[in-house]
Amino acid sequence: MKHNVALQFEDGVTRIIQCDAHEPVCDAAYRARINIPLDCRDGACGTCKSHCESGTYTLGAYIEDALAGDEAASGYVLTCQMRVTSDCVIRIPVTSDACKVEVAEYEGRLAQIVRDSPTTMSFSLETAQPLSFLPGQYVNLKVPASEAARSYSFSSAPERAKLSFLIRDVPNGAMSAFMRQQAKPGDVMTFTGPYGSFYLRPVVRPVLMLAGGTGLAPFLSMLTWLNAHPCAHPIRLAYGVNTVADLVELSALDTLKAELPDFDYVTCVADRDSDHPRLGYVTDHLQPTDLHDGNVDVYVCGPPPMVDGIRQWMSGAGVIPANFHFEKFSSTAQGQAA
């Protein structure tokens with residue numbers, strides 16, 4: 001039986017390989033032309049020591065000098081001895097360049113373009129095969145007939161041949177201008193990836209998701225994936241924008257709320273002249289109880305002021321979450337959504 005193993009490198013590059021249950025992970029990586037650091041292959045040197053973030057596996061013979069008992073208990077593995085028994089995510093403590101990982105390039109045909117609001121648009125690409133990535137990750141998408149490329153998070157779940165994206169409509173932006181003026185269904189677009197260390201970890205406690213503007217995209221990917229893989233913990237999303245017109249994908253969120261056990265979300269609008277029931281910033285509508293006395297994993301995606309503001313709010317609340325995962329993106333027009 002084959003399992004998908006996501007190798008997450010220090011520089012954010014991710015490669016997903018297939019690994020047979022009987023073979024060491026390092027051998028599966030070499031088959032995929034990925035040179036994980038390795039010396040002895042006997043569990044004696046510790047050169048291939050990595051950390052398994054999720055999944056199940058067995059470890060063969062090794063000595064304690066290579067992998068101490070407390071390390072093994074906390075998820076560290078030797079890829080020369082590790083044999084997976086499920087899909088896994090493994091953090092490799094070197095860069096992709098050091099492992100001679102080639103950039104993976106894909107192409108897809110533009111299937112649909114939708115103007116969601118005056119400031120946002122969404123589009124989808126159809127690929128020949130379903131694409132593997134970790135929910136929350138992004139790709140670098142090339143602007144056709146240009147050398148420019150833009151980084152966009154998936155708003156769709158992994159393992160699908162139809163990839164969706166939610167992006168900011170930036171005045172004079174290279175991709176925005178292409179989508180507005182030239183793009184048509186059937187156009188071929190190329191991209192590389194997946195990339196990013198902002199992705200959904202195993203849900204072992206309550207989760208708090210905080211989105212600013214089109215920072216909603218990776219959460220749609222995570223939530224759609226969770227809808228097919230339900231968890232036993234509450235999931236909450238707070239979604240902040242500048243104006244009411246900027247609120248998008250609410251029907252998708254309503255569907256997820258109806259289908260995903262113990263999921264709920266709230267929206268807020270920074271424009272104080274709005275008639276929206278919740279005005280201000282995301283932090284204005286959080287309570288210390290949302291942090292579950294620290295027993296919570298917090299995910300934040302939005303402009304830098306938003307991420308920094310949430311850090312300050314948590315500090316003021318006097319609660320440190322179990323994990324704080326964030327992704328900042330630069331967009332002057334979105335800064336106020338913090």
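This is a short walk through one protein model, from its overall build down to a few individual residues.

Hi everyone, and thanks for coming. Before anything else, this is a predicted model: local features need pLDDT of at least 70, side-chain atom pairs count only at pLDDT 80 or more, and totals for chains, interfaces and linings use all residues. Residues are numbered from 1 along each chain as its sequence is written, and side-chain values use heavy atoms, with hydrogens and water left out.

Let's start with the overall build. The protein has 6 helices and 18 strands. Those are DSSP runs numbered from the N terminus, with H or I and at least four residues for a helix, and E and at least two residues for a strand. The C-alpha trace spans about 65 × 50 × 35 Å along its principal axes. How does the radius of gyration fit a compact globule? The protein has 21 Å, and a compact globule of 338 residues would have a value near 20 Å, so the two agree. For the record, that radius is taken over C-alpha atoms, and the globule rule is 2.2 Å times the number of residues to the power 0.38.

Now the inside and the outside. Buried residues make up 51% of the 338 residues. Here buried means under 20% relative accessible area, exposed means over 50%, and partly exposed is in between, with a 1.4 Å probe and protein chains only. The exposed surface comes to about 15,100 Å², and carbon and sulfur atoms supply 48% of it. Those areas come from the Shrake-Rupley method with a 1.4 Å probe; for residues, only the protein chains shown count as cover.

Contacts are next, meaning heavy atoms within 4.5 Å. Of the contacts with a separation of 6 or more, 69% are between residues 24 or more positions apart.

A good place to see packing is helix α3, residues 174-181. Its buried residues are Met-175, Ser-176, Ala-177, Phe-178 and Met-179. Which strands do they pack against? The list is β8 (105-117), β9 (120-131), β10 (138-142), β11 (149-153), β12 (160-168) and β13.

Strand β13 has something for the geometry fans. It covers residues 188-195 and contains Pro-194. The peptide bond joining Gly-193 and Pro-194 is cis, with omega about 0°.

While we are on backbone angles, a reminder: most residues other than glycine have a negative phi, and most peptide bonds are trans. With that in mind, look at Arg-33, where phi is near 65°. Arg-33 sits in the loop between α1 (25-31) and β3 (49-54), and at 65% relative accessibility it counts as exposed. His-292 also has a positive phi, about 50°. That histidine is in the loop between β16 (263-269) and β17 (297-302) and is partly exposed, at 35% relative accessible area.

The loop between β16 and β17 also holds Asp-271, which is partly exposed at 27%. Its C-alpha lies 5.6 Å from that of Thr-243, 28 residues away along the chain. Leaving out residues up to four places away in sequence, Asp-271 touches Asn-242, Thr-243 and Leu-279.

On to the cysteines. How many disulfides does the structure hold? The count is 0, where a disulfide is a pair of cysteine sulfur atoms within 2.5 Å. For Cys-19, the nearest cysteine sulfur is that of Cys-88, 8.3 Å away. Why is Cys-301 unpaired? Its sulfur is 15 Å from the closest cysteine sulfur, in Cys-268, and that is too far for a bond. Both of these are buried: Cys-19 has a relative accessible area of 0%, and Cys-301 has 2%.

Two helix residues to finish. Val-307, in helix α6 (residues 304-317), is buried at 0% relative accessible area. Again setting aside residues up to four places away in sequence, Val-307 touches Val-300, Gly-302, Phe-326, Glu-327 and Lys-328. Glu-259, in helix α5 (residues 250-259), is partly exposed at 47%. The C-alpha atoms of Glu-259 and Asn-227 are 7.0 Å apart, with their positions 32 residues apart in sequence.

That's my tour. Over to you for questions.
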